[in-house]
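Open the structure in your viewer and keep the selection tool at hand. This tour goes stop by stop, telling you what to select and what is there.

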Amino acid sequence: MPLPKAELHLHIEGTLEPELAFALAARNGVTLPYADTEALREAYRFSDLQSFLDLYYGLMAVLRTAEDFTELADGYLERAAAQGVRHAEIFFDPQAHMARGVAIGTVIEGLAAALDRAEERYGVSTRLIMCFLRDESAESALATLDAAKPYLDRITGVGLDSAEVGHPPAKFRAVYEEAARLGLRRVAHAGEEGPASYIREALDVLGVERIDHGLRCLEDPDLVSRLVRDRVPLTLCPLSNVRLRAIDVLEDHPLRTMLGVGLMATVNSDDPAYFGGYVGDNFGAVRDALGLGPDELRTLARNSFLASFLEDDEARRERYLAEVEAYEFGAGGA
Ligand code: ADE
Ligand code: ZN
């Protein structure tokens with residue numbers, strides 16, 4: 001039995017496995033610029049975030065109907081449950097679909113159909129977080145939030161993703177203020193490729209409660225002290241960091257250091273179909289590369305539930321935390 005955990009940094013579009021991409025392409029009459037799944041997998045050699053994003057947005061062409069989004073999310077939830085995920089807070093990128101003529105309602109209703117039955121089918125509770133693309137304009141983000149207003153009962157929070165460098169958090173001050181007024185929780189990618197100052201800005205200007213990645217916080221000791229003091233969760237994605245060349249090899253990942261200084265680190269998968277593993281695979285990879293023991297793995301699992309947006313269901317959070325405390329590590333369990 002895998003260690004129970006929450007996944008807090010997962011782009012649903014990043015769970016599009018090559019097999020599903022080709023099946024949807026055939027169903028929707030979309031021609032992909034790859035001969036087959038093998039040729040597509042061959043293209044997953046990324047030099048940085050942008051080289052990944054180009055392929056990631058391109059492959060989204062196969063996602064057209066609500067059923068496509070339902071199938072995508074259902075597949076993820078089944079695989080995540082098999083790796084111990086008990087709760088998933090799932091990102092989606094509405095602008096990437098609206099730009100292709102897919103209505104935001106189609107995306108949200110399609111995802112919601114899978115999420116609505118995830119508890120019964122897979123024993124996984126869920127939340128949805130709508131991300132703004134930071135390489136699009138602030139006006140586009142505001143228009144997206146506006147378009148989402150009929151569906152706000154399905155959306156727990158907002159996030160900020162896509163190409164980081166050159167698109168600092170402050171660009172999105174107005175849309176985050178509006179999101180806060182609407183009662184939405186706030187997170188943002190920061191410090192993945194961008195500098196530690198973007199992490200500060202996300203906290204100070206956008207009022208975020210969690211930092212997605214936050215890898216580069218260690219470059220700023222005062223910032224680290226603040227993140228420790230305020231228990232700001234970092235949603236780290238170790239296999240993603242290697243695949244996108246933020247670090248050279250997993251053995252160099254600062255996760256162990258981060259736990260050591262008291263940062264509230266969590267481990268997540270980001271875009272598992274592209275980066276070589278789901279969240280349990282990420283746990284296993286850092287366990288092996290960094291020599292993490294049961295105490296550290298349990299801390300990571302505990303952190304994942306403490307950092308999750310379960311304030312509306314504290315009894316559930318307590319149940320999950322009790323599962324973490326009761327977990328017995330077998331040989332290599334993660
Ligand atoms: N969108 C999907 N994955 C992402 C990542 N790792 N960083 C920024 N934007 C993303
Ligand atoms: Zn991400």
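## Stop 1: the second largest pocket

Select Tyr57, Met60, Gln95, Ala96, Met98, Ala99, Arg100, Leu133, Asp135, Glu136, Ser140 and Thr144: together they line the second largest pocket. Two elements, α5 (94-98) and α8 (138-147), each give two or more residues to this lining. Colour α5 first; its share is the largest, at three residues. Now colour the lining by class. You should find six nonpolar, three polar and three charged residues. The space inside comes to about 170 Å³. Keep in mind throughout that this is a predicted model.

## Stop 2: the largest pocket

Move on to the largest pocket, which holds about 210 Å³ of space. Its lining has 13 residues; select Arg127, Asp153, Arg154, Ile155 and Thr156, the closest to the centre of this pocket. Next, show α6 (104-116) and β3 (125-133). Each of these two elements supplies at least two residues of the lining of the largest pocket. Which element has the largest share of this lining? It is β3, with three residues. Colour by class once more. The lining of the largest pocket splits into six charged, four nonpolar and three polar residues.

## Stop 3: the largest cavity

Leave the pockets and turn to the cavities. How many cavities of 30 Å³ or more does a search of the whole structure find? The search finds two. Start with the largest cavity, whose volume is about 110 Å³. Select His11, Leu49, Leu53, Ser162 and Asp271. Of the 15 residues that line the largest cavity, these five lie nearest its centre. Then show α3, which gives the most to this lining, with five residues. By class, the lining of the largest cavity has six nonpolar, five charged and four polar residues.

## Stop 4: ligand 1

Stay where you are and display ligand 1, which sits in the largest cavity. Around ligand 1, select His11, Leu49, Phe52, Leu53, Tyr56, Asp161, Ser162, His189, Glu192, His213, Asp270 and Asp271. Helix α3 (residues 49-59) gives the most to this shell, with four residues. The classes in the shell around ligand 1 are even: four nonpolar, four polar and four charged residues.

Now check some distances from the nitrogen atoms of ligand 1 to side chains:

- Asp271: an N or O atom of its side chain is 2.6 Å from a nitrogen atom of ligand 1.
- Asp270: a polar side-chain atom lies 2.7 Å from a nitrogen atom of ligand 1.
- His11: an N or O atom of its side chain is 3.4 Å from a nitrogen atom of ligand 1.

Switch on the surface. How much of the area that ligand 1 exposes when taken alone does the protein bury? Ligand 1 alone exposes 260 Å², and the protein buries 100% of that.

## Stop 5: the second largest cavity

One stop is left. Select Leu49, Glu192, Glu193, Ser240, Asn241, Leu244 and Ala246, which line the second largest cavity. About 30 Å³ of space lies here. The lining of the second largest cavity divides into three nonpolar, two polar and two charged residues. Two of the names should be familiar from the previous stop: Leu49 and Glu192 line this cavity, and Leu49 and Glu192 also belong to the shell around ligand 1.

Key. Residues numbered from 1 in each chain as written. Chains lettered and ligands numbered in written order. Predicted model: local features only at pLDDT ≥ 70, side-chain atom pairs only at ≥ 80, totals over all residues. Heavy atoms only, no water. 1 Å grid on protein atoms, 1.4 Å probe; cavity = no way out; pocket = protein on both sides within 12 Å on 5 of 7 lines; lining within 4 Å. Points joined across faces, edges and corners; volume = space filled by probe spheres on them. Nonpolar A, V, L, I, M, F, W, Y, C, P; charged D, E, K, R; others polar. Near = heavy atom within 4 Å. Polar contact = N/O pair within 3.5 Å; in protein donor to acceptor, adjacent residues only side chain to side chain. Areas by Shrake-Rupley, 256 points an atom, 1.4 Å probe, with all protein chains shown as cover. Sits in = over half its atoms within 2 Å of the grid points.
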